[in-house]
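Welcome, and take your time with this one. Have a look at the chain below, and then we can walk through its pockets, rings and charged pairs together.

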Amino acid sequence: MNRLAPWLIAATLSLTTAPAAQALCLYRGALDARTTLLQEFADSPWVVWARVISAEQGETTPERDPWTLYRLEVISAFKGDPPSRIAVFTERNSGGFYMDRDAGGPDVGQDYLLFLQPLEMSGDGPPAARGAQRVNYSCGQSRPWREVDAAAQDQLLAGLPRES
């Protein structure tokens, strides 16, 4: 049994440790939670279909991870009354939500379905992010619009009367 112990420990760790490239997915205290459109719709003050028009990158400092502030044009608001132009802030870490082309820079011109929350920022946050929003759950229902299936689009347009 002693010869099996190191193998068993290594196998167990490989099953419980997330790869470095995987996002940290924590939703209401649950790791890797699977959310529904209805759950995130209920959680989010704003639910929008929006187009990326620009992005500002922030550098790493001893106090802060690198970050990106995306500027978006709202095409349609499914919940809430956002202005026609909004900003969405994300830190460039395992919990971030990126609107990028496969690490090739910001996804300018592309559309996204976004479930948004107001950004609650500490005093040391970047001034550019003041008044910005953040994605409700980076591993949830927010995604490129091209990945939103017809049934989900119908639910959003109907105000989400049924569970997805």
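Before we turn to the pockets, one definition helps: Ala, Val, Leu, Ile, Met, Phe, Trp, Tyr, Cys and Pro count as nonpolar, Asp, Glu, Lys and Arg as charged, and the others, Gly among them, as polar. With that in hand, the lining of the largest pocket has 8 nonpolar, 7 polar and 4 charged residues. Please keep in mind that this is a predicted model.

**The chain as a whole**

The protein chain contains 3 helices and 8 strands. Reading from the N terminus, these elements follow the order α-β-β-α-β-β-β-β-β-β-α. The chain has 164 residues, and 38% of them count as buried.

**Two pockets**

The volume of the largest pocket is about 450 Å³. Its lining is made of 19 residues, and those nearest the centre are Thr90, Gly95, Gly96, Arg134 and Val135. Which elements give two or more residues to this lining? They are strand 5 and strand 7, the latter covering 133–135. Strand 5 provides the largest share, with 3 residues.

The second largest pocket holds about 320 Å³ of space. Here 12 residues form the lining, and Tyr98, Asp100, Arg101, Asp102 and Tyr112 are the closest to the centre. Sorted by class, this lining has 5 nonpolar, 2 polar and 5 charged residues. Two of the names just listed, Tyr98 and Asp100, will come up again below.

**Aromatic rings**

A pair of aromatic rings is described by the distance of the centres and the angle of the planes. This structure holds 4 aromatic pairs. One of them joins Trp67 and Phe89, whose ring centres are 5.7 Å apart with 35° between the planes, a tilted arrangement. Trp67 belongs to strand 4 (residues 67–79) and Phe89 to strand 5 (residues 85–91), so this pair ties together parts that are 22 residues apart in sequence. Are these two residues buried or exposed? Both Trp67 and Phe89 are buried.

Another pair is formed by Phe78 and Trp145. Their ring centres lie 6.1 Å apart and their planes meet at 10°, so the pair counts as stacked; the cut-off for stacking is an angle under 30 degrees. Phe78 is in strand 4, while Trp145 is in the loop between strand 8 (143–144) and helix 3 (150–157), so the contact ties together parts that are 67 residues apart in sequence. Phe78 has a relative accessibility of 14% and therefore counts as buried. Trp145 counts as buried too, because its relative accessibility is 12%. These two rings also have company: ring pairs link Trp49, Phe78 and Trp145 into a cluster.

**Charges over rings**

Some rings have a charged partner. The charged end of Lys79 sits over the ring of Phe41, at 5.3 Å from the ring centre. In a similar way, Arg92 places its charged end over the ring of Tyr98, 4.0 Å from the centre.

**Salt bridges**

How many salt bridges does a search of the whole structure find? There are 3 salt bridges, shown here with the distance from N to O.

| Salt bridge | N to O distance |
|---|---|
| Arg51 and Asp111 | 2.7 Å |
| Arg71 and Glu56 | 3.4 Å |
| Arg92 and Asp100 | 2.5 Å |

The bridge between Arg51 and Asp111 links distant parts of the chain: Arg51 is in strand 3 (residues 46–58) and Asp111 in strand 6 (residues 111–118), 60 residues apart. Arg51 counts as partly exposed, at 31% relative accessibility, whereas Asp111 is buried, with a relative accessible area of 14%.

The bridge between Arg71 and Glu56 joins strand 4, home of Arg71, to strand 3, home of Glu56, and the two residues are 15 apart in the sequence. Arg71 is partly exposed at 31% relative accessibility, and Glu56 is partly exposed as well, with a relative accessible area of 30%.

That leaves Arg92 and Asp100. Asp100, at 18% relative accessibility, counts as buried, while Arg92, at 25%, counts as partly exposed. Here several threads come together: Arg92 forms a salt bridge with Asp100, and its charged end sits over the ring of Tyr98. Tyr98 and Asp100, in turn, are among the residues closest to the centre of the second largest pocket.

Notes. Residues are numbered from 1 along each chain as its sequence is written. This is a predicted model: local features need pLDDT of at least 70, side-chain atom pairs count only at pLDDT 80 or more; totals for chains, interfaces and linings use all residues. Side-chain values use heavy atoms; hydrogens and water are left out. Rings of Phe, Tyr and Trp (its six-membered ring) pair if their centres lie within 6.5 Å; planes under 30 degrees apart count as stacked, over 60 as edge-to-face and the rest as tilted. Helices (H or I, at least four residues) and strands (E, at least two) are DSSP runs, numbered from the N terminus. Buried means under 20% relative accessible area, exposed over 50%, partly exposed in between (1.4 Å probe, protein chains only). A charge sits over a ring if NZ of Lys or CZ of Arg is within 6 Å of the ring centre and within 35 degrees of the ring normal. On a 1 Å grid over the protein atoms alone, a cavity is a set of points where a 1.4 Å probe fits but cannot get out, and a pocket is an open set with protein on both sides within 12 Å along at least five of seven lines; lining residues have an atom within 4 Å of a point. Grid points are joined across faces, edges and corners, and a volume is the space filled by probe spheres set on the points. A salt bridge is a side-chain nitrogen of Lys or Arg within 4 Å of a carboxyl oxygen of Asp or Glu.
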